[in-house]
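I opened this notebook page to look up how the chains meet one another, taking one pair at a time. My entries follow in the order in which I looked.

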There are 4 protein chains.
Amino acid sequence: MATHKDVKKVVLAYSGGLDTSIILKWLQTELGAEVVTFTADLGQGDELGPARKKAELMGIPDKNIYIEDVREEFVRDFVFPMFRANAVYEGVYLLGTSIARPLISKRLVEIAEETGADAIAHGATGKGNDQVRFELSAYALNPDIKVIAPWRDWTLKSRTELIAFAEAHQIPIPKDKRGEAPFSVDANLLHSSSEGKVLEDPNEEAPEYVYQRSVSPEDAPDKATEIEIGFKAGDAVSINGETLSPATILARLNDLGRDNGIGRLDLVENRFVGMKSRGVYETPGGTILLTAHRAMESITLDRGAAHLKDELMPRYAELIYNGFWFSPEREMLQAAIDHSQREVEGTVRLKLYKGNVIVTGRASPKSLYDDALVTFEDDRGAYDQKDAAGFIRLNALRLRTLAARNRNS
Amino acid sequence: MATHKDVKKVVLAYSGGLDTSIILKWLQTELGAEVVTFTADLGQGDELGPARKKAELMGIPDKNIYIEDVREEFVRDFVFPMFRANAVYEGVYLLGTSIARPLISKRLVEIAEETGADAIAHGATGKGNDQVRFELSAYALNPDIKVIAPWRDWTLKSRTELIAFAEAHQIPIPKDKRGEAPFSVDANLLHSSSEGKVLEDPNEEAPEYVYQRSVSPEDAPDKATEIEIGFKAGDAVSINGETLSPATILARLNDLGRDNGIGRLDLVENRFVGMKSRGVYETPGGTILLTAHRAMESITLDRGAAHLKDELMPRYAELIYNGFWFSPEREMLQAAIDHSQREVEGTVRLKLYKGNVIVTGRASPKSLYDDALVTFEDDRGAYDQKDAAGFIRLNALRLRTLAARNRNS
Amino acid sequence: MATHKDVKKVVLAYSGGLDTSIILKWLQTELGAEVVTFTADLGQGDELGPARKKAELMGIPDKNIYIEDVREEFVRDFVFPMFRANAVYEGVYLLGTSIARPLISKRLVEIAEETGADAIAHGATGKGNDQVRFELSAYALNPDIKVIAPWRDWTLKSRTELIAFAEAHQIPIPKDKRGEAPFSVDANLLHSSSEGKVLEDPNEEAPEYVYQRSVSPEDAPDKATEIEIGFKAGDAVSINGETLSPATILARLNDLGRDNGIGRLDLVENRFVGMKSRGVYETPGGTILLTAHRAMESITLDRGAAHLKDELMPRYAELIYNGFWFSPEREMLQAAIDHSQREVEGTVRLKLYKGNVIVTGRASPKSLYDDALVTFEDDRGAYDQKDAAGFIRLNALRLRTLAARNRNS
Amino acid sequence: MATHKDVKKVVLAYSGGLDTSIILKWLQTELGAEVVTFTADLGQGDELGPARKKAELMGIPDKNIYIEDVREEFVRDFVFPMFRANAVYEGVYLLGTSIARPLISKRLVEIAEETGADAIAHGATGKGNDQVRFELSAYALNPDIKVIAPWRDWTLKSRTELIAFAEAHQIPIPKDKRGEAPFSVDANLLHSSSEGKVLEDPNEEAPEYVYQRSVSPEDAPDKATEIEIGFKAGDAVSINGETLSPATILARLNDLGRDNGIGRLDLVENRFVGMKSRGVYETPGGTILLTAHRAMESITLDRGAAHLKDELMPRYAELIYNGFWFSPEREMLQAAIDHSQREVEGTVRLKLYKGNVIVTGRASPKSLYDDALVTFEDDRGAYDQKDAAGFIRLNALRLRTLAARNRNS
């Protein structure tokens, strides 16, 4: 489907690596399209300098090379809003890959509009979720944009053919890329994910060398690290009393998590495109943040708001996983969630120890926790225990009516 | 409300401890009621012998003393059905106290019917959730039963008055019960909970002596323990290949969890009666079981079923927490959940290490995980990547229509 | 419970009728409280003049008599936001009584604060929902307010005793109020409700004389009335091209509905306090509005937004029915709903005929309906039917995997 | 996609009409496949005899012609289970087309297995929902079945080309089929739907000639018809005291509805494939049934069950609309719904009048409606109004805590 013969100019999500370099060349040679490259620093840990150099080598003029540090935008406008929802997919996954895709698509579309390009291109394969996330985001932002997904379109069918194409076009091939990688990696400031090959048997333990950004709990220090995270309007704003920018906070939490063996996850998940896949994720800072945020909410959020959030969360997480960040329903849920977060502020104290994130204290000027109500001792009238009798009796009324009916019939 | 002057015979949930002994005497003296005692072994760890002796001492005839080991029923009919749902309250609490109450009420009501009693009595206070759980369950099973909750009704207002009442009625008072306890405890085979007094400030770390049934992660062994749990129809049926009864499985997992510092939780939760309270829970075996069950589901449960379960879960957990175990809506949800569990079988391998429960493998004769679909390598036609283009385009159609509308207006 | 001996000044929701006049006197004589009366025109159809006169007769000084026309506020801030959600309780009830209570409580609390009163009082009984709605609203707005509900507190046990009390205190008794009314009525601009006595047997048809504000479909004209309603941001703003205020629109629709036999409902509903009750409701304008609003949404609302709204609606309606208008969870849902309504604008044409509200057309500058996509004829590339094959195949993938598993096992 | 060159034998959903006759021939000539025809009487109102004759004329041997009356199975196993849920899509649509597709697919797949066919074929286009429903059902029942959807695959691009193909192959062409139909129709025992062409402008009223199976309210009799429907386990079992089979009940209700102008619906809906479409539906019997079922539930269903059903319904309806009848999640919801229906029995009395379905009575041996609880008169202790004070106070507790917090901060 989708012959892209009429594409004239295309903005490519370009990492500088071998695969997207091959794509770049393919776009130039097969489609005859002018290529604009977009390389983003999302905190994946790679230097961006080489990406520029490679783009230049492949003949991309300077005005067509976009290299940007989007870490602050990523954490502030995507990661933090998502954490306000305590979003986890299928009970455990913190959505580290999912949440980065909409931002990349947003910039691709914006750059396409700035440069007059009629298409964007990405390097995701036809089996995964990322193609969906890239493309739904792009279409939601520009209904007329064309999207090129070379992995679905080209005729290169194996690693060998790819390498041959690269060689034929003088694309430099790093030594370790000649063969199949034992697993593939995606990374950004929130997490790294690994999947494929050595991980394909879900009954085999993931080998230690798969892990990218955390020591194992076994190798973590024998002594706990204590920290305090400050919150404002549902977002983390400080660590140990020091006010920090969103990206800086997440980076610091990543360091703390990595050192203490926090945030590893090995799971089998359900992809939007229909199959189960096995992944290994590392989300050190995010794992700390989730626990801290829930603890902060536990004293500042009303029960009604908290329970509604818990009920909406699986749907919200599914939307993000499936690529519907830029959709009316995600925005509606976000409006509801954000409304609940206005008074979620204060501090949470934590102990980080060998994979554990242990809450040791929470305090807030907006606390709803009331000693007087809960105490076993004299509460000086804050709560009349006799009220409970009526409360229970009316809650039971329908159940009693039902029991009487069932007895009689 | 509730003068109980006309009560003739009452079945008391009797632990043998000081508080329920005072209640027993109060029922005899203030209400002039004949008392039947019911003492259940739910795995709380207390011997039941003393309860019989004390009841006898207080003049309860043998035929009115019911002492029962209900551990298997508890795990089989209450704990395991709940774990099929992956139920957690407010994101973290495994409902260890909540799930025991309906069983106790069920037996109280049944014994009342056997012995011709017109009322039941329990020792829960007027501030907590347990009164609600006891009473809703009782009313749902017998609409005409009377429920006596002495803590809400009597005029004993302080520990001193209680002790005075005990002394006046020759109830033996253990030395450590003369003053206020530094915290109160509830326990059963699933968990122990601690709350009150030394735990009342949510910004103070729980002291180590509060913990009842687990070593701290710091004190756990430096070497991981590896186990394999077998599942059938969503329930654990074996450990390391040994088929075991429900209660035995949970007891073994408790031992494993306790030794490895697993299952501690310190949280502020929202009670059904309206206030926030802080509790410390230990659920060693349950914590292992939850992780294992999710891992088992991850390869055997279809995505549609899994996501529906995740969406229904918060409501299901809330119902149990609030005391609505015996309600049509809990039973409806259970019917849906149980329907999904028929093929949840196989084995899950885990590493237990200093508070961590780490999945290292899952296998099932009913696995839905399909290598061929997910592989990066040649899948021999299992999946046509071109399908993804149509899939995405139709998923995007409404978003594109929306984007076009929004651009034009 | 609730001795109100210390109450000094109380704001009473005062209709001017016999019952609230008795309450007024009771507050004066039994509690010795200074009384402030609040009488609101919510569109119930009674004149407010007599209420002032009666209050004066009972010794209320002018400064303590509050009489207000709140119809515009009622429709703008309560009815319309609720209709944005298409809220119906238990599938059919348009919440006409429920939605008026929070507004009354809001004004009671505000007047209490203005006049230095320490309590408010209402005339709802202890069996209904209205007491809950009044009181939850009041407590949510002022946590320290005292609420007096004489029907729950006083010792007047029968109509006879009430009449005797009235006579003893020189309260004028209209002739038709000496006996029991055959049914009781609540009314406001949105609806009237009737319940009790002649309606207590749910197997007896409601007699025609129960209906207050609509002709029967049988008696309605033989010729349809055609109208056009204009919407902006989800709210009705015009009828037949004439821009009107919220209350005026609802009043006009009431007239149109009344004449055409629209909006009658006879149902058995579940009260929050636990029993079933039977009511007869008339919501002529609201019934038209609901149909029109759904039709307006049908061409302007994205599917994702529409379906999310439908899923959230039952909860939203339940919250309003149960009295939780002023709760964080209702506000969260409102934020989500309002977010969806920004482009819900245009016009809907309707035929009103003997109980039927028939949509005959919808048009919008923001329409998402696209002829080109849906046509059976040549769509000039708007939609590629081949996309559907991939769409279906990926949607089917998990089901096929499941079917293969189930066949093999 | 999908070259079907290897298909040897195909079961075609064959109506006997021109379009599926063309498909039949195309399967024979283009694919060279042996064709088995399946023609079902779902209550669409066409005779089946001509279908057999036409199949014979096109060379189908007798053993390959399947003609079946599936009306009872349709209503018993598909329509009635769905009505237990009170399912409506997007607030109004009773899912009449959606619910018939899974049954057809089920028989297609079964016949394929009986006859050794490797494929099935249907006549739905690539723009609609029906292709999705047919195919998801088929794949869910047989993961290896091939599905042929000629409308998506063939090269016939216009009515003219279709007619030419028919003529070239000696397929008889009814006169009225030479040109474009002014709208297209689908029908079965539950409903008829009309869409396309004259209905494509949603701002134009549907012409009267579009309606297939109901008189207009205007043309309906001036006198109401009264009926009584009996229910058992949530399903209708009798009309006016006469016990009838499922299909007979629905047929009778259709007659009653048709005569009284009941069940017309003109709406714009959101298709699963992404666009909005406008349809005109007639569901005379189903509309009566829905109202009756809700009324039956109103006195026999507990509030908890009823509200849970209402919350689950939109999802359930969406699943059916989207074609996921044979999915684990639909079955889970069905299990929950069916659990609730066990005591939904009794009788409902209705007045049918010019488009209106008016409930005039409901009675049940399993009624949960309790006069004593609800009466304004002396209830002899059935309900203690003082209980309401405690009930409200504890429900308000969290709101008061919140209000106090918000005042202080």
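Entry 1, chain B against chain D. I began with the buried area, and found that chain B and chain D bury about 2,200 Å² between them, with carbon and sulfur atoms giving 68% of it. I note here that this is a predicted model, and that I read every value below as computed from it. For the contact itself I listed 25 residues from chain B and 25 residues from chain D.

Entry 2, polar links in that pair. I looked up the salt bridges and the count between chain B and chain D came to 2. One of them joins Glu311(D) to Arg315(B), where the closest N and O atoms are 2.6 Å apart. The residue pairs in polar contact between chain B and chain D, with both partners at pLDDT 80 or more, also number 2.

Entry 3, which elements of chain B take part. I found that helix H10 (303–322), helix H11 (328–340) and helix H13 (385–408) of chain B each give at least two residues to the side that touches chain D. The largest share of that side, 9 residues, comes from H11(B). Sorting the side of chain B that touches chain D by class, I counted 12 nonpolar, 4 polar and 9 charged residues.

Entry 4, how the two copies are related. I superposed chain B on chain D and needed a rotation of 180° with 0.0 Å of shift along its axis, the RMSD being 0.0 Å. The two copies are therefore related as by a two-fold rotation axis. The same surface serves both copies, since 96% of the contact residues of chain B recur in chain D.

Entry 5, chain D against chain C. I then turned to this second pair, where the contact takes 103 residues from chain D and 103 residues from chain C. The area buried between chain D and chain C is about 9,400 Å², and carbon and sulfur atoms give 54% of it. Lys127(D), Lys276(D) and Arg362(D) supply 8% of the area that chain D buries against chain C, more than any other three residues.

Entry 6, polar links between chain D and chain C. I recorded 11 salt bridges across this interface, and 50 residue pairs in polar contact, both partners being at pLDDT 80 or more. Helix H13 (residues 386–408) of chain D gives the largest share of the side of chain D that touches chain C, namely 15 residues. By class, I noted 44 nonpolar, 21 polar and 38 charged residues on that side of chain D.

Key. Residues numbered from 1 in each chain as written. Chains lettered and ligands numbered in written order. Predicted model: local features only at pLDDT ≥ 70, side-chain atom pairs only at ≥ 80, totals over all residues. Heavy atoms only, no water. Contact = heavy atoms within 4.5 Å. Buried area = accessible area lost by both parts, 1.4 Å probe. Salt bridge = Lys/Arg side-chain N within 4 Å of Asp/Glu carboxyl O. Polar contact = N/O pair within 3.5 Å; in protein donor to acceptor, adjacent residues only side chain to side chain. Helix = DSSP H or I, 4+ residues; strand = E, 2+ residues; numbered from the N terminus. Nonpolar A, V, L, I, M, F, W, Y, C, P; charged D, E, K, R; others polar. Least-squares fit on C-alpha atoms with pLDDT ≥ 70 in both.
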